[in-house]
Number of protein chains: 2
Amino acid sequence: MAQVDLRHWRLGLVGFGNVGQAFGRLLLEAEAELRERHGMTVAIGLLATGPGGTVTAADGAPPGGGIDLRAALRGEIVDERPSGRAGALAAIPDAPIDALVEMSWFDPVAGQPATSHVRAGFARGAHAITTNKGPLAFHGPELRAEATERRLGLRYEATLMACLPVLALRESAVPVGTINAFEATPNSTTSFVLDMMAAGHGRGDAVAEAKRLGIAEADPSFDLDGWDAAVKAAILAQCLLGRDVRLADVERTGLDAVPDGEPAAAAAAGCRVRLVARGSAAGPVRVAPERVPAAGLLGGGQGTSQALAIETGLAGRLEICLVEPRIEQTAYAVLMDLVALNRDVSSGRIRPPQG
Amino acid sequence: MAQVDLRHWRLGLVGFGNVGQAFGRLLLEAEAELRERHGMTVAIGLLATGPGGTVTAADGAPPGGGIDLRAALRGEIVDERPSGRAGALAAIPDAPIDALVEMSWFDPVAGQPATSHVRAGFARGAHAITTNKGPLAFHGPELRAEATERRLGLRYEATLMACLPVLALRESAVPVGTINAFEATPNSTTSFVLDMMAAGHGRGDAVAEAKRLGIAEADPSFDLDGWDAAVKAAILAQCLLGRDVRLADVERTGLDAVPDGEPAAAAAAGCRVRLVARGSAAGPVRVAPERVPAAGLLGGGQGTSQALAIETGLAGRLEICLVEPRIEQTAYAVLMDLVALNRDVSSGRIRPPQG
């Protein structure tokens with residue numbers, strides 16, 4: 001297969017926790033395939049970690065150069081700039097990067113500092129990939145407009161229901177016509193808790209077990225009160241329906257609204273209770289607990305699976321389900337975004353990398 | 001969003017039955033969106049119908065010209081060449097076409113004349129889109145090699161389980177890493193018959209009802225004996241696993257192997273019987289009736305739904321289901337292929353249209 005010339009991408013990794021390190025390992029693993037199948041080479045021009053501070057590549061991150069990813073994965077990269085938020089933000093304007101990969105923590109109040117990172121990247125001409133829901137849930141429409149204005153890409157596959165390829169599906173499977181509605185079970189912690197309750201456990205026991213297994217956070221309210229599902233619903237509404245919906249616009253009902261006996265009663269009726277997100281072309285985007293058939297898409301998933309159905313104008317109803325997602329798959333979604341950026345450069349939609 | 005210059009595609013439509021006419025209507029409906037969103041204009045340079053014979057565009061099918069699709073949909077295009085197989089085949093070499101859309105009937109014995117149509121198109125530099133499973137099931141690897149050699153595209157989204165976006169998913173959702181295995185329920189007629197049997201109907205009654213509803217053909221053996229599922233399994237193995245698997249290589253067991261009482265017994269055990277296709281990186285590709293959980297992907301679909309699961313090396317297990325596909329969605333798959341051809345021209349993978 002004929003290929004275009006190799007195109008070099010200098011990446012800035014902001015955040016190097018579980019997802020960031022998994023992405024780093026994946027980049028090393030995929031190096032040959034990125035080059036041979038997609039015509040891309042990659043080097044790390046900036047690495048911002050919590051404990052290690054922020055480092056920029058002294059050599060400008062040419063092909064084969066840049067920050068030593070293997071050493072970083074061994075924890076051997078030392079601080080060269082003040083660490084913390086100001087460190088990354090201060091380093092971005094002068095760092096040798098073509099795309100910023102924003103993987104820092106999610107702040108549910110304002111979407112910061114992630115949004116500032118993305119904007120600082122845009123200002124110096126860097127495309128953005130974010131695994132962080134904050135920038136989209138709080139400022140998605142403005143960031144999209146700014147990216148379009150600057151001919152830059154803004155990719156966020158990992159924010160859309162772990163790594164269900166929602167963005168990829170919308171672009172390649174629905175290239176023409178509209179998406180009229182979606183329904184989804186975007187939060188797996190609540191599915192786990194509801195299934196434990198259906199099996200006869202008390203609510204408190206179910207939540208404690210979810211914490212013990214690492215499925216729920218130490219403070220589980222972000223999941224149980226529907227905030228996580230609402231954030232995802234806002235991003236789905238932006239991406240699939242093209243609507244300007246923010247977190248504050250989503251009507252949100254949490255698990256408090258589910259009576260103790262309801263999950264077991266639903267099970268006896270061949271159903272499950274799920275925290276369901278729904279949106280359509282007009283009207284409110286909603287997150288609320290619902291009884292759904294155990295044999296259908298929304299109630300059929302096992303364990304921590306996540307499901308999405310879209311109703312299209314021309315292609316009928318499409319259902320997709322990701323089974324038991326793991327951290328490696330979030331990192332894989334970042335890699336999908338990177339390949340998509342390279343494709344969009346080829347088609348002239350966004351500007352080429354300068355590396 | 002900046003766009004590349006408009007690119008003009010002259011299409012040859014071979015076959016203008018239900019799918020071909022649905023595609024024609026879709027082209028008219030999508031005209032503005034193809035131009036504005038994807039930078040494409042389209043005209044018809046060749047139209048081969050059964051009753052109307054084969055017509056080529058006298059004006060060379062420039063933008064805004066070519067064969068009048070609206071008139072053709074009204075049945076007003078008259079024969080200008082000898083009709084039938086030789087007609088289309090003889091017309092292709094001199095027709096003004098950049099892509100051949102092969103939608104003629106499926107011959108389960110040799111994959112002809114569809115394969116000859118595709119090859120004749122290749123010989124004159126035309127990309128190929130086929131809704132016809134014959135060329136792939138019988139000659140897929142050779143046709144792919146010839147397309148690659150000539151820098152031409154060969155797209156076949158509609159052959160892969162109606163219009164589940166299998167090809168699109170493989171390309172955009174699994175851009176790196178391998179697919180290790182698939183399982184699918186690619187034949188909806190057998191699902192319908194098995195569910196009727198589970199509900200207490202006799203086998204003969206179930207088949208008769210499927211015929212009455214137009215779900216089964218007058219001769220239902222192609223579905224019931226597993227041939228249709230085996231054809232699709234071969235194409236799935238080629239597309240997803242990159243294996244050279246032909247129809248003759250697929251191990252095939254039909255509904256004859258299902259005892260009369262088995263669907264009802266399965267239902268009583270919380271299961272359904274489905275004709276399941278399975279393949280992996282090595283070993284036989286198989287089609288056979290199986291008991292599958294009614295709450296899972298393969299047994300969970302309603303009515304004539306079709307489901308597919310792929311096990312990827314890096315992205316986990318991905319499940320996808322198309323609910324109650326209709327003829328318009330097969331036509332939509334052709335449109336997806338056309339947009340994908342245009343995208344692959346942009347990325348330099350295949351040669352540009354000459355129109």
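To compare two copies of a chain, they are superposed by least squares on the C-alpha atoms of residues with pLDDT of at least 70 in both. In this predicted model, chain A can be laid on chain B in that way with an RMSD of 0.0 Å. The move takes a turn of 180° and a shift of 0.0 Å along the axis. The two copies are therefore related as by a two-fold rotation axis. The same surface does the job on both sides, with 100% of the contact residues of chain A turning up again in chain B.

So how many residues does the contact take from each chain? The tally is 47 residues from chain A and 47 residues from chain B. Between them, the two chains bury an area of about 4,200 Å², and carbon and sulfur atoms give 58% of it. On the chain A side, V176(A), Y332(A) and R349(A) lose the most area to chain B, together making up 16% of what that side buries.

What kinds of links cross the interface? The rule finds zero salt bridges between chain A and chain B. Polar contacts are another matter: 12 residue pairs across the interface are in polar contact, both partners being at pLDDT 80 or more. Several elements of chain A each supply at least two residues of the side that touches chain B, namely helix 1 (18–38), helix 6 (166–173), strand 12 (317–323) and helix 13 (327–346). Helix 13 of chain A brings the largest share of that side, with eight residues. Sorted by type, the residues of chain A that touch chain B come out as 27 nonpolar, 11 polar and nine charged.

Helix 6 of chain A, one of those contributors, is mostly covered, with six of its eight residues buried. The buried ones are V166(A), L167(A), A168(A), L169(A), S172(A) and A173(A).

Salt bridges do appear elsewhere, and the count over all chains comes to 52. In chain A, the side chains of R74(A) and E76(A) meet in one, at 2.8 Å from N to O. R74(A) is exposed because its relative accessible area, 53%, is over the 50% cut-off. Its partner E76(A) is partly exposed, at 46%. Another salt bridge joins D244(A) and R246(A), whose closest N and O atoms are 2.6 Å apart. Here D244(A) is partly exposed at 48% relative accessibility, whereas R246(A) has 19% and so counts as buried, the limit being under 20%.

In chain B, the side chains of E171(B) and R170(B) also meet in a salt bridge, at 3.6 Å from N to O. E171(B) is partly exposed, with 24% relative accessibility, and R170(B) is partly exposed with a value of 24%. Over in chain A, salt bridges that share partners tie R155(A), R170(A), E171(A), D337(A), R343(A) and D344(A) into one network.

Next comes helix 7 of chain B, which spans residues 188–198. Is this helix mostly covered or mostly exposed? It is mostly covered, since nine of its 11 residues count as buried, that is, under 20% relative accessible area. Those buried residues are S188(B), T189(B), T190(B), S191(B), F192(B), V193(B), L194(B), M196(B) and M197(B). They pack against quite a list of elements of chain B: helix 8 (203–212), helix 9 (221–224), helix 11 (262–268), strand 9 (271–280) and strand 11 (306–312).

Both ends of helix 7 of chain B have something to show. At the N-terminal end, N187(B) acts as a cap, with a side-chain oxygen lying 3.3 Å from the backbone nitrogen of T189(B). Just after the helix, G200(B) takes a positive phi of about 105°.

Finally, there is R124(A), found in the loop between helix 4 (114–123) and strand 5 (127–130) of chain A. With 24% relative accessibility, R124(A) counts as partly exposed. Leaving aside residues up to four places away in sequence, R124(A) touches I92(A), P93(A), D94(A), A95(A), P96(A) and I97(A). R124(A) and L335(A) are 211 residues apart along the chain, and their C-alpha atoms are separated by 22 Å.

Technical notes. Residues numbered from 1 in each chain as written. Chains lettered and ligands numbered in written order. Heavy atoms only, no water. Contact = heavy atoms within 4.5 Å. Buried area = accessible area lost by both parts, 1.4 Å probe. Salt bridge = Lys/Arg side-chain N within 4 Å of Asp/Glu carboxyl O. Polar contact = N/O pair within 3.5 Å; in protein donor to acceptor, adjacent residues only side chain to side chain. Helix = DSSP H or I, 4+ residues; strand = E, 2+ residues; numbered from the N terminus. Nonpolar A, V, L, I, M, F, W, Y, C, P; charged D, E, K, R; others polar. Buried < 20%, exposed > 50% of the residue type's maximum accessible area, 1.4 Å probe, protein only.
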